[in-house]
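This report describes the architecture of a single protein chain. Its sheets, cores, backbone exceptions and aromatic contacts are taken in turn.

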Amino acid sequence: MKSLLDIRNISIHFKGDHEKVNVVHDISLQVNPGEIVGIVGESGCGKSVTSMSILRLLGRNAEVKGEIFFDGRNLLEISEKEMRKLRGNGISMIFQEPMTSLNPLHTIGKQIGEPLLRHRNMSKSDRKSRVLKLLNEVGIPRAEEIYEEFPHQLSGGMRQRVMIAVALACDPALIIADEPTTALDVTIQAQILELMKNISRQHQTSILFITHDLGVVAEMCDRVIVMYAGQIVEHADVAALFRKPKHPYTVGLLNSIPDMAADKERLVPIKGHVPSLRNMPSGCRFFERCDHAMDICRQEPRMFADGTHECRCWLHADEEGRP
Ligand code: SF4
């Protein structure tokens, strides 16, 4: 299957006055049509920076090297005018906190209708009927009334539904969702995840889902990419990853999820800290925190692949090529 999004060997640096800091190192990933792919990792691992580089939303001090193909075009080479046509049209983004994305001075109707005006040049009445349909689709009751209301009149969950409606307005092929449920309480979070999953199924919309929460990945995604300290360390189908995590960091992440069903608490935090971006070890970046570290781990591991996983760890070097 031809990938909708094909990120090849992306590295991202931020330039300061006296130094250049590498935050993402040699990332490659694909998202297929209709697929939900999760990127999971602790804060600062580079997952949000990677997702923002797709729509070129990083500041001027960011330097992105590599290739990002969307629907066959390298997004790092298209003009700013073409990129503006793509944002909110071919690719939409949903952020964690809707209040920072919604304009407090504009009505909900105007904000959901804005991409329809910009990208489709729809008449006012066509926009209104499309917006009402979208409000219904994202499960907002009293659509006619909400159309005239302002963001502060809605709850956090409702505001996130509005953001999903804005993202869906032009029927994009890809939605990038950056921690879209982190600010919500657990019940609302489950409803929003269910809504996004249904939307993906019904419209065949691909979703790149950024999260720090493996529980959300299990709920939502078809495939998962685990990032650590600016690199991908493991990649697998969700079922394969949960059945048999391979990278010691992934194992640590899974062990640090509280297991409510288990007889006893099995929450085991990962020891130590993520290395500083300014002082990355030359070998495996997880070395200082890993219980399995060996001499060879002082050399940087590449990705080793077997039939189900790709894993950046010397423990799995001899598995490559096995079915
Ligand atoms: Fe641990 Fe070595 Fe694997 Fe790194 S390469 S995760 S240090 S076993």
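The account below begins with the annotated domain and the two sheets and ends with a cluster of rings.

**Domain annotation**

The model is predicted. According to an unreviewed UniProt entry, residues 7-254 carry the annotation "domain: ABC transporter". Within that span, helix accounts for 41% and strand for 26%, and the C-alpha atoms at its two ends lie 26 Å apart.

**The antiparallel sheet**

One sheet is open and consists of 4 strands in the order 2-1-4-5, with antiparallel pairing. Strand 2 (20-31) and strand 5 (73-74) form its edges, and each of them pairs on one side only. Strand 5 is held to strand 4 (residues 62-70) by 2 bridges, and the two strands run antiparallel. At this junction, Phe70 stands opposite Arg73 of strand 5. Helix 1 (residues 47-54) packs on the sheet, where it touches strand 1 (5-15), strand 2 and strand 4. The direction of helix 1 makes about 110 degrees with that of strand 1.

**The mixed sheet**

A further open sheet has 8 strands, arranged in the order 6-7-8-3-9-10-12-11, and its pairing is mixed. Strand 6 (91-94) and strand 11 (304-305) stand at the edges with a single partner strand each, so one side of each has no neighbour in the sheet. The partner of strand 11 is joined to it by 2 bridges: this is strand 12 (residues 309-311), and the two run antiparallel. Here Phe304 has Cys311, in strand 12, as its bridge partner.

Helix 8 (residues 186-203) packs on this sheet and touches strand 3 (36-40), strand 6, strand 7 (174-178) and strand 8 (206-211). Its direction makes about 155 degrees with that of strand 8. Helix 11 (residues 248-255) lies across strand 9 (223-228) and strand 10 (231-237), and runs at about 105 degrees to strand 9.

The helix directions described above are collected here.

| Helix | Reference strand | Angle |
|---|---|---|
| Helix 1 (residues 47-54) | Strand 1 (5-15) | about 110 degrees |
| Helix 8 (residues 186-203) | Strand 8 (206-211) | about 155 degrees |
| Helix 11 (residues 248-255) | Strand 9 (223-228) | about 105 degrees |

**Nonpolar cores**

The largest nonpolar core holds 61 residues, of which Ile112, Leu135, Ile164, Met196 and Phe209 touch the most other members. Helix 7 (residues 156-168) gives the most to this core, contributing 7 residues. Beyond its neighbours within four places in sequence, Leu135 is in contact with Ile108, Ile112, Ile140, Ala143, Ile146 and Tyr147. There is also a second, separate core of 34 residues, with Leu4, Val31, Met93 and Leu174 among them.

**Positive phi angles**

Most residues other than glycine have a negative phi. Against that background, two residues deserve mention. Arg142 has a positive phi, near 50 degrees, and is not a glycine. Arg142 is placed in the loop between helix 5 (124-137) and helix 6 (143-147). Its relative accessible area is 43%, so Arg142 is classed as partly exposed. Ala229 likewise is a residue other than glycine with a positive phi, of about 50 degrees. It belongs to the loop between strand 9 and strand 10. Ala229 counts as buried because its relative accessibility is 2%, under the 20% limit.

**Aromatic pairs**

The structure holds 4 aromatic pairs. In one of these, Tyr228 and Tyr249 have ring centres 4.6 Å apart and planes at 50 degrees, so the pair is tilted. Tyr228 belongs to strand 9 and Tyr249 to helix 11, and the pair therefore ties together parts that are 21 residues apart in sequence. Both partners are shielded from solvent by the accessibility criterion: Tyr228 is buried at 2% relative accessibility, and Tyr249 is buried with a relative accessible area of 0%.

Tyr228 also forms an aromatic pair with Phe286, and this one is edge-to-face, with 5.1 Å from centre to centre and 90 degrees between the planes. The pair links distant parts of the chain, 58 residues apart, since Phe286 lies in the loop between helix 11 and strand 11 while Tyr228 lies in strand 9. Tyr228 and Phe286 are both buried. Through these ring pairs, Tyr228, Tyr249 and Phe286 are linked into a cluster.

Definitions and conventions: Residues numbered from 1 in each chain as written. Predicted model: local features only at pLDDT ≥ 70, side-chain atom pairs only at ≥ 80, totals over all residues. Heavy atoms only, no water. UniProt positions renumbered as here; feature names shortened; annotations may be inferred. Pairing = 2+ DSSP bridges. Contact = heavy atoms within 4.5 Å. Axes fitted to C-alpha atoms, helices over the stretch in contact; angles between N-to-C directions. Core = buried A, V, L, I, M, F, W, Y, C linked by side-chain atoms within 4.5 Å. Buried < 20%, exposed > 50% of the residue type's maximum accessible area, 1.4 Å probe, protein only. Phe/Tyr/Trp six-rings, centres within 6.5 Å; stacked < 30°, edge-to-face > 60°.
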